[in-house]
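Biologist: I'd like a close look at the charged pairs in this protein, please. Could you walk me through them once the model is up?

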Amino acid sequence: MLRSLGVLLGLAASAALAPGCAQPPAARRPAAVAGPVVRLLTYNVNYGIAGDPETVAAIRDADADLILLQETNVAWERALRAALAAQLPHMAFRHRGGAGGMAVLTRLPLVETEFIPPSGDGWFPAVRVVIETRLGRLQALSVHLRPPVSDGGSFVSGHFSTPPIRVQEITSYCARLVPDLPTLVAGDFNEEDDGDAVRFLVSRGMSSVLARFAPDQPTWRWPMMVGTLHRQLDHVFTDRRLEAVSAEIREAGRSDHLPVIAVLAAAAAAAAAAAAGR
């Protein structure tokens, strides 16, 4: 959810103004990996419906090892700790007004947690964590990038003025990453797969999980007078040391965003599984 209805309408204007995306690659079938995997969930839970039971159930039912949440707040923390502490004993929350909260929930040990303040003209912080997994130590960066709306609330000018802000945000956040750890970047990018922040990660050699497994599926929806607006605003990226073996976008919960689930393996194991399946 964005911080005002105006922002939501701005996304509609952006969709109308944006050029058509390149033809996405065909979705691939998941590879069967014999070795260890890490199951990831990224989800913008919507700060305005804190504690919603259906959304809590969507998080629980994802059965993820690592959960990256955007738009959490005090009420969300209270509800999630009450419902999921036994399943996900390691939790970290950082509250910030409105839609600015971030959280990490995991059944795996948290080795390091760094909440990163908003960058430049960005509105929301990020969080970087290192967790101990069956693949070894893994680094994850959860982001919530600037929506396409100007400071003055203009949708049209925001469509044109905010892409550089999102690039500046992702550049600043990625500078905090430790280069010798397998890395994933996930969250609410507030742009589709042709956006400039997405292109920045691709230029760094990272791979989009949804471009591979769910290239044409939206992760965000909003009812309008003339129908429902759908866009793929949430993304998961991995570096060359990790590879997704499956991914899905679930129709679950009551947030305007949908849960995005990815199953990750070490790149060598995933490549071997893919080769065996040919």
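To start with, which residue forms a salt bridge with aspartate 239, and how far apart are the closest N and O atoms?

Modeller: Happy to! Please keep in mind that this is a predicted model. The partner of aspartate 239 is arginine 241, and the closest N and O atoms of this salt bridge are 2.6 Å apart. Aspartate 239 has a relative accessible area of 11%, which is under the 20% cut-off, so the residue counts as buried. Arginine 241, at 36% relative accessibility, is partly exposed.

That pair belongs to a wider set, for a search of the whole structure finds 18 salt bridges. Among them are two that involve glutamate 114.

Take the one with arginine 128: here the closest N and O atoms are 3.0 Å apart. Glutamate 114 is part of strand E5, which covers residues 110-116, while arginine 128 is part of strand E6, residues 126-133, so this salt bridge ties together parts that lie 14 residues apart in sequence. Both glutamate 114 and arginine 128 are buried.

The other salt bridge joins glutamate 114 to arginine 176, with 2.4 Å between the closest N and O atoms. This pair links distant parts of the chain, 62 residues apart: glutamate 114 sits in strand E5, whereas arginine 176 is in the loop between helix H5 (163-174) and strand E8 (183-188). As for exposure, glutamate 114 has a relative accessible area of 17% and is therefore buried under the 20% cut-off. Arginine 176 has a relative accessibility of 37%, which makes this residue partly exposed.

There is also a network to look at. Asp63, Asp65, Arg107 and Arg134 are linked with one another through salt bridges.

Now for the chain around these pairs. The protein chain contains 8 helices and 14 strands, and 54% of its 278 residues count as buried. If you take the contacts between residues at least 6 apart in sequence, 69% of them join residues at least 24 apart. The accessible surface of the protein chain comes to about 11,400 Å², with 55% of that area belonging to carbon and sulfur atoms.

If you want a place to begin in the viewer, try glutamate 114, which forms salt bridges with arginine 128 and with arginine 176. From there you can turn to aspartate 239 and arginine 241, and then to the network that includes Asp63 and Arg107.

How values were computed. Residues numbered from 1 in each chain as written. Predicted model: local features only at pLDDT ≥ 70, side-chain atom pairs only at ≥ 80, totals over all residues. Heavy atoms only, no water. Salt bridge = Lys/Arg side-chain N within 4 Å of Asp/Glu carboxyl O. Helix = DSSP H or I, 4+ residues; strand = E, 2+ residues; numbered from the N terminus. Buried < 20%, exposed > 50% of the residue type's maximum accessible area, 1.4 Å probe, protein only. Contact = heavy atoms within 4.5 Å. Areas by Shrake-Rupley, 256 points an atom, 1.4 Å probe, with all protein chains shown as cover.
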